[in-house]
Amino acid sequence: MTDAPVRTLVLSRCGSCQLRYLPRDAPCPRCGANRAETYPVPPDARVLAATELSVPPPGWTAPHHLLLAEVADGVRVLAVARHAVPPGGAVRIEFDGTVYRATPTGTAGRGEGESPKARSAGPSFEPPR
Amino acid sequence: MTVRVASVGVGRFGKRPEGLLELAAEAASIALDGVGRKPIDLVVAGSMLSHGAGGPEPLLPRLAERLSLEGASGLRVESTSGTGAMAFHTAALALAAGGFERALVVAAEKMTDRTTPEITGELAAALHPSEAAAGATMPALAALVAQRYVERHGVDVADLALPTIHARTMAAANPNAMFRTPVALAEANASRFVASPLRLLHCSAIADGAAAAVLERGDGPVRVLGLGQGFEAMRIVDRSDLTTFAATRTAAKRAYEAAGLTRKEIEIVEVHDAFAPFAPIHLEDLGFCGPGEGLDWYRKGWVGLDGRLPVNPSGGLLGRGHPIAATGLAGIVEIVLQLSGAAGDRAPGRRPKIGLAHAVSGLAAHNFVTILGEAP
């Protein structure tokens with residue numbers, strides 16, 4: 001992991017009730033206040049659930065994996081992945097301005113992640129058309 | 001509330017040659033005949049996909065013309081797969097408010113004239129835009145829910161299809177259902193993947209169909225006892241627990257309170273089983289059983305016609321087919337038929353007096369509960 005560039009992910013913190021949540025174009029999901037501040041967190045996440053769509057929607061190519069993953073502060077992200085990652089697996093999350101994308105990183109000795117070989121294999125994702 | 005359902009109508013669900021207007025008129029005519037064509041002063045109509053190319057828009061004036069109801073007032077509602085329930089609630093509330101005497105509710109969908117990718121794309125409009133932008137579809141998010149449910153409750157993935165087996169058994173006795181042949185668990189679990197772990201037979205099917213009801217002010221069978229609805233965060237990432245739907249719990253609490261009832265007095269129920277693993281979640285959220293216990297009810301046969309609580313005697317979405325807007329009203333129609341002793345071969349030995357119909361919009365972002373029957 002030493003060769004991985006340092007990246008961060010940005011979350012929102014409600015200035016009123018302090019709820020941490022994934023940034024969105026709407027008020028705080030808990031208290032409705034419009035006083036969100038953003039703050040950086042590490043991009044490391046743990047997969048909570050994963051699915052592979054047999055027929056991806058228009059604009060996406062198979063295999064199209066979607067992961068529900070938990071990042072810092074218990075915040076959840078729905079991310080696109082090129083590879084299957086089982087629940088409990090470790091991923092790194094990046095936001096490309098439209099969607100969150102997940103890359104397997106291995107699980108610190110738990111052995112559930114992808115091999116380094118798979119990680120470095122080619123361009124990561126097909127962009128939506 | 002002193003509003004009653006005087007009559008209902010439903011046509012066959014599935015692949016139909018007729019267009020949306022004809023399907024709506026068919027169900028509406030059955031319901032109108034049921035009250036001897038007495039005057040209607042309000043029409044509430046619902047459809048989600050009628051805005052597409054060739055769709056019969058504007059729907060209300062065309063429906064009014066078709067049914068000779070131009071003397072009535074009209075309201076149009078839309079709430080994706082909860083549209084039919086929303087139309088029913090709208091009519092009941094309008095009657096209860098005193099503005100009208102007799103309302104026709106009709107909800108219809110025409111789906112089979114479009115390809116599955118087209119329909120899947122249109123239904124993704126019911127998801128949060130940020131999640132649809134990631135290529136999420138309704139089955140994909142349902143798959144994530146299913147996986148969380150499996151993990152949380154230690155469920156055998158093979159058992160997720162139990163509600164499908166039940167649905168197909170029930171649908172066999174419903175002449176209007178799309179799938180009238182029973183399936184075995186092994187067959188369901190060998191069907192192709194749609195969004196892992198969900199397979200084709202975990203998912204309700206694209207269908208054409210319509211349902212209708214005539215509601216009247218005043219007492220008498222079948223009374224509208226309680227209505228409830230609730231919202232939940234539309235983005236699934238804003239939900240802390242995917243194994244329960246807060247919108248159902250809110251809707252149920254409000255409906256039980258409005259009816260002055262508890263879940264113990266409900267004798268028959270129709271739940272929105274768009275995906276098989278949602279059926280146990282709905283039974284849990286409606287209060288019939290505890291978290292993680294829903295599939296046990298299927299295993300033990302408690303959801304059968306003469307079980308502890310008959311569930312989805314119509315076959316539900318999994319057996320009946322799922323013409324989006326019509327579905328929520330079709331569940332209500334089934335409960336009315338059951339309470340009226342008009343359910344034919346799919347009636348329990350003892351006729352139920354109070355029933356509940358549940359409907360879901362989108363990925364359970366806006367849910368509805370309707371309680372019908374004899375006043376307690």
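Let's start with the overall dimensions of chain B. This is a predicted model. Chain B has 376 residues, and for that length a compact globule would have a radius of gyration near 21 Å. The value for chain B is 19 Å, so the two agree. Along the principal axes, the C-alpha trace spans about 55 × 45 × 40 Å.

What is chain B built from? The count is 13 helices and eleven strands. Buried residues account for 61% of the 376. Now the contacts. Take pairs in chain B that sit at least 6 apart in sequence: 77% of those contacts join residues at least 24 apart.

Next, the core. As background, nonpolar side chains in soluble globular proteins tend to be buried together. Here the largest nonpolar core holds 172 residues. Which members touch the most others? They are B:Leu104, B:Val105, B:Val106, B:Ala213 and B:Leu329. Helix α13 of chain B, residues 324-339, gives the most to this core: eleven residues. And where does the core lie? Domain 1 of chain B covers 3-114 + 208-222, and domain 2 covers 130-205 + 226-371. Both give residues to the core, so it lies between them.

Stay with α13(B) for a moment. The helix has 16 residues. From first C-alpha to last it reaches 24 Å, close to the 22 Å expected at 1.5 Å a residue. Is α13(B) enclosed or open? All the burial counts point one way: 16 of its 16 residues are buried, so the helix is largely enclosed by the rest of the structure. After the helix comes B:Gly341, with a positive phi near 70°.

Now zoom in on B:Leu329. Set aside its neighbours within four places in sequence. What does B:Leu329 contact then? The partners are B:Gly84, B:Ala85, B:Ala87, B:Phe88, B:Val105, B:Ala107, B:Ala211 and B:Ala213. Two of those names, B:Val105 and B:Ala213, we met a minute ago among the core members that touch the most others.

Last topic: the contact with chain A. How many residues take part? Chain A puts in 26 residues and chain B puts in 27. On the chain A side, three strands each supply at least two residues: β4 (44-53), β5 (64-70) and β6 (76-81). The largest share comes from β4(A), with five residues. What is that side of chain A made of, by class? It has 19 nonpolar residues, four polar and three charged.

To close, keep one picture in mind: a core between the two domains of chain B, with α13(B) as its biggest contributor.

Terms used:
Residues numbered from 1 in each chain as written. Chains lettered and ligands numbered in written order. Predicted model: local features only at pLDDT ≥ 70, side-chain atom pairs only at ≥ 80, totals over all residues. Core = buried A, V, L, I, M, F, W, Y, C linked by C-beta atoms within 7 Å. Buried ≥ 20, exposed ≤ 12 C-beta atoms within 10 Å, placed from the backbone. Helix = DSSP H or I, 4+ residues; strand = E, 2+ residues; numbered from the N terminus. Domains from an automatic or database assignment. Contact = placed C-beta atoms within 7 Å. Nonpolar A, V, L, I, M, F, W, Y, C, P; charged D, E, K, R; others polar. Rg over C-alpha atoms; globule rule 2.2 N^0.38 Å. Expected span 1.5 Å × (residues − 1).
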